[in-house]
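Trainee: Could we go through this model together, beginning with the way its chains meet?
Mentor: Gladly; let us put it on display and then take the questions one by one.

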2 protein chains.
Amino acid sequence: MTTTTEVPADLTTTDRTPAVSFDVDPAAYRHWKVDVEGDVAYVRLDIDETGGIVPGYELKMNSYDLGVDIELYDVTQRLRFEHPGVRAVVLTSAKDKNFCAGANIRMLAQSSHPWKVNFCKFTNETRNGIEDAGAHSGQTWIAALNGTAAGGGYEMALACEQILLVDDNSSAVSLPEVPLLGVLPGTGGLTRVIDKRRVRKDRADVFATRPEGSRGKQAVEWKLVDEVIPKRAWDSTVAERAATAAAGSNRPVGATGITLPPLQREEDADGIRYRHVSAVFDRDAGLVEITVHGPEGDVPDTVDRVHELGADFWPLAMTRELDDLILRLRANELELGTWIVRTKGDVEDALAFERVIEEHSGSDWLVNEIRHYFKRTLKRLDVTSRSLIALIEPGSCFAGALLELALACDRQYMLDGTLDDDGAEQGDEAQIMLSNSNFGAFPMSNGLTRLGSRFYGDDETIAKLRQETGRRISAVEAMDLGLVTDAPDDIDWSDEIRIMLEERASLSPDALTGMEANHRFVGPETMESRIFSRLTAWQNWIFVRPNASGPEGALRKYGTGRKAEFDRRRV
Amino acid sequence: MTTTTEVPADLTTTDRTPAVSFDVDPAAYRHWKVDVEGDVAYVRLDIDETGGIVPGYELKMNSYDLGVDIELYDVTQRLRFEHPGVRAVVLTSAKDKNFCAGANIRMLAQSSHPWKVNFCKFTNETRNGIEDAGAHSGQTWIAALNGTAAGGGYEMALACEQILLVDDNSSAVSLPEVPLLGVLPGTGGLTRVIDKRRVRKDRADVFATRPEGSRGKQAVEWKLVDEVIPKRAWDSTVAERAATAAAGSNRPVGATGITLPPLQREEDADGIRYRHVSAVFDRDAGLVEITVHGPEGDVPDTVDRVHELGADFWPLAMTRELDDLILRLRANELELGTWIVRTKGDVEDALAFERVIEEHSGSDWLVNEIRHYFKRTLKRLDVTSRSLIALIEPGSCFAGALLELALACDRQYMLDGTLDDDGAEQGDEAQIMLSNSNFGAFPMSNGLTRLGSRFYGDDETIAKLRQETGRRISAVEAMDLGLVTDAPDDIDWSDEIRIMLEERASLSPDALTGMEANHRFVGPETMESRIFSRLTAWQNWIFVRPNASGPEGALRKYGTGRKAEFDRRRV
């Protein structure tokens, strides 16, 4: 690995393995089989029972844990980047009569509250990614349920555009979480049943309280599945449906994919360093300082050159690293409650790269993928339960797409002046720049741009900001335009930032999580935003209630043959 | 009290006082002073420190508890029904330099989880009612903050259309819940700040983490208040703003209000009985059987007659009783987790009364009030954390507005046939009827009708149902039309209902609450629906977390001089 930026001395060794890694070698998937047949990919769930990501349970009945989902996420990414020829994806099981039994119950029962919540968040993001592939990538996922899909298994199917169920007088779809486990379906099930599949609420109520679920004609009539298919016609009908979906895809014919090589990463107890992204931990202060480095080197002048660069093309390389960092920090660094976000680089360079994305994302499949991948990575930030603070300092390059990083933060501080008193920073004053990217390329899950959320209902300001596109904006101007929270001068900067961070760290982590989850999403809601707001919040509540997780709770008693004992008071 | 229906023997005595009563004698308000001056009402908060609804705390600093809010709810209702001449309402404090310090912290610290959640729900409904009065009643509320409005005090102001703050160099608005108490503002504060007042999210973040809040010019610039007014100009400016608001009201001039007399109610350990509404408890089964009786007697043939009848006009009388029953059951009967909803009466009579509402709600203030009051009462059902099951049997009158009761339920069961085997019921088969009321008169908080939610996105079915208006619909037809969940025949009825109720009672109360809260609201969201979904769910979670409510939590440590100890892991 070569880096062109200086690597702090204490980050050059790797003496610490994080609890969860999101690295996946596709040649060594433990739980999935992926076969590309022409323009259709068959993605088969084939859980290795002994392959749990942590000890303590067996993944029976094709049930999954975080490790299974980490592989699934890898599958979705590789299909989009490495297999542009795939126009439809069939999600099915390699095991007969059993599609997937959902999240492993023993895993849930033994997991800490943060683990459960983080697990649900990541799986939700992966399900949303499946829908995103259909909506923006021309890769339509079809769930071919060759056996029972229960709980999270059915929720995985719900993320697909079509659900086909084998008609064998036993295979069913079900959401048994409420009746069997005393928790909610945790990956969007309730929301997708009523919002996406438009199942009547009384039927949804019956369905979600009946452990055996629904099958056959009723499953179709209730809109829980699209079709039930006799066993003898199963393979041919699934192939037909996939072919039809593939025929409607806008994917290019004959395109060659790029390779997503393993990420280069150095880490130790004090941080993680990638080529374009770094994170330095301050455990005493409970914070992590994230720096995203802007592009260096020549801007590709043709789309062919972008394809040649592939995973080395800066926007993609940086996004992959940022994505990995977000996931690692979320899973492994729970006590680092504040994320400081900085950028470093040249404003013009960043915008030059971005123009490539803007010009070609409508016509080139790879550039389109990169745009949507950065969009999804920004969305991860939006739902990250950490305080996000952007520090805009001299030498930063918060411009266009990178400015979205700042806008995703809870607050933005911009230095008015230069920092040269202690030699820490020198040079020009900090500047930010708006580009077209800030007005629609990277929508949030509520369907609004981050500027649209920031200035909710204030079309006049948005129109005014459009006029500022492409101009270097100083700290004082950024304050006037409402783009930053505060712009302390060089005399006040360090004290103000230090005090602000200390205050933040002193607040209740739970209250901050709840507050930020409310403030970040204003105005309209979508199915996706509702999954992260209403459903997730209720699930979090239920997860900490003794009726679910207490010693006599349903989650603990499941499989013991004994019934849960409930506090019957309704809250 | 006289009733025309039979009173079960065990309900004729009152041997039990519920923990919370919602009865209020306006002549004896302990915490509020209401002065009607021409077309403006001044509603002054003047908390009696020793007047807590339960022992254990003093209501210092004009802080409130459930009892204070029960009175405020009564104020809002009487202004609408008894004072039609009021066109603007000034909400202010009778105490100098102190508007309201919000919910009493010691009360919160000593309260059980269900009490806290129920308290927040009721206060939320009252705040929404204040907005409803402005939107639908021509009574615009103006918050005249003559002193500091902190926490719930500021949230009360946020429910008003305008917020005026005295400029005395000390009075401020603030939401100190996160920094001081480790919980969220519990009555819509975060949501209203960003959605209604459209405060930028970064400013909202600063504001909600800064105990001292904001005042003066900044409070206006940040849109936290509409105006700051010097002390010398305070009274006159407030009066001017009220006069301006009043001038814009569509309230009739010279109208005479009706009187809302105390509700007649009989209750004991086994139930509550009003004139038109009754509730029978089955504590072993964990359910309550609610029956709403349809109208009897002549239908008023003129609006004048409606005014003469006043609180005796059946739609209003029934709604008041149902409202009271919902509130009492929610507050006092936590273990009755399932509410069975029945109606009894004549379909034609119910519709005849309803036609009076339909014909005159656009032109007569009182009829308009009754419509919106029933709308608000139905909304209470929508957010009630109990399983709601409608049983549609022979002799019932689920027609038009009353059919909304069934549609608000999680499930609807309709008997196909008559029940005469054990003499329980005889006569004609059950029938339901749609009316215009079902297509817009009583919207849910998501802005959709209950039919619109039930058939979300299915305009064709809605159009088809419109054609069925005014026709008696049998059980079999209701099944075909999708209006009921199931229609067992007389042979299966009792067993099916019994088993269904037993199954329901066996499920986790928390999981049911979360599931129902998700299923009941499909599709679009409004500020109001978001307050009950996202904000409430997060708050519920935070309320049960040790960081807030544990022995070392912020809520317990507040005022002790000692700091809370937080589990710093972010979830």
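Trainee: How many residue pairs are in polar contact between chain B and chain A?
Mentor: This is a predicted model, in which local features need pLDDT of at least 70 and side-chain atom pairs count only at pLDDT 80 or more, whereas totals for chains, interfaces and linings use all residues. Residues are numbered from 1 along each chain as its sequence is written, chains are lettered from A and ligands numbered from 1 in the order in which they are written, and side-chain values use heavy atoms, with hydrogens and water left out. A polar contact is a pair of N or O atoms within 3.5 Å, where within protein one must be able to donate a hydrogen and the other to accept it, and residues adjacent in sequence count only if both atoms are side-chain atoms. With both residues at pLDDT 80 or more, the count between chain B and chain A is 54 residue pairs.

Trainee: Which helix of chain B gives the most to the side that touches chain A?
Mentor: Helices are DSSP runs of H or I with at least four residues, strands are runs of E with at least two, and both are numbered from the N terminus. The element in question spans residues 509–519 and gives 11 residues to that side of chain B, which makes the answer helix H19.

Trainee: How many salt bridges are there between chain B and chain A?
Mentor: A salt bridge is a side-chain nitrogen of Lys or Arg within 4 Å of a carboxyl oxygen of Asp or Glu. The side chains of Asp510(A) and Arg545(B) meet in one, at 3.0 Å from N to O. The count between the two chains is 14.

Trainee: What relation holds between chain B and chain A?
Mentor: Copies are superposed by least squares on the C-alpha atoms of residues with pLDDT of at least 70 in both. Chain B can be laid on chain A with an RMSD of 0.0 Å by a turn of 180° and a shift of 0.0 Å along the axis. That is the relation of a two-fold axis.

Trainee: How far apart in sequence are the parts that Glu125(A) and Arg380(A) tie together?
Mentor: Glu125(A) forms a salt bridge with Arg380(A), their closest N and O atoms being 2.6 Å apart. Because Glu125(A) lies in helix H3 of chain A and Arg380(A) in helix H13 (residues 365–382) of chain A, the pair ties together parts whose separation is 255 residues.
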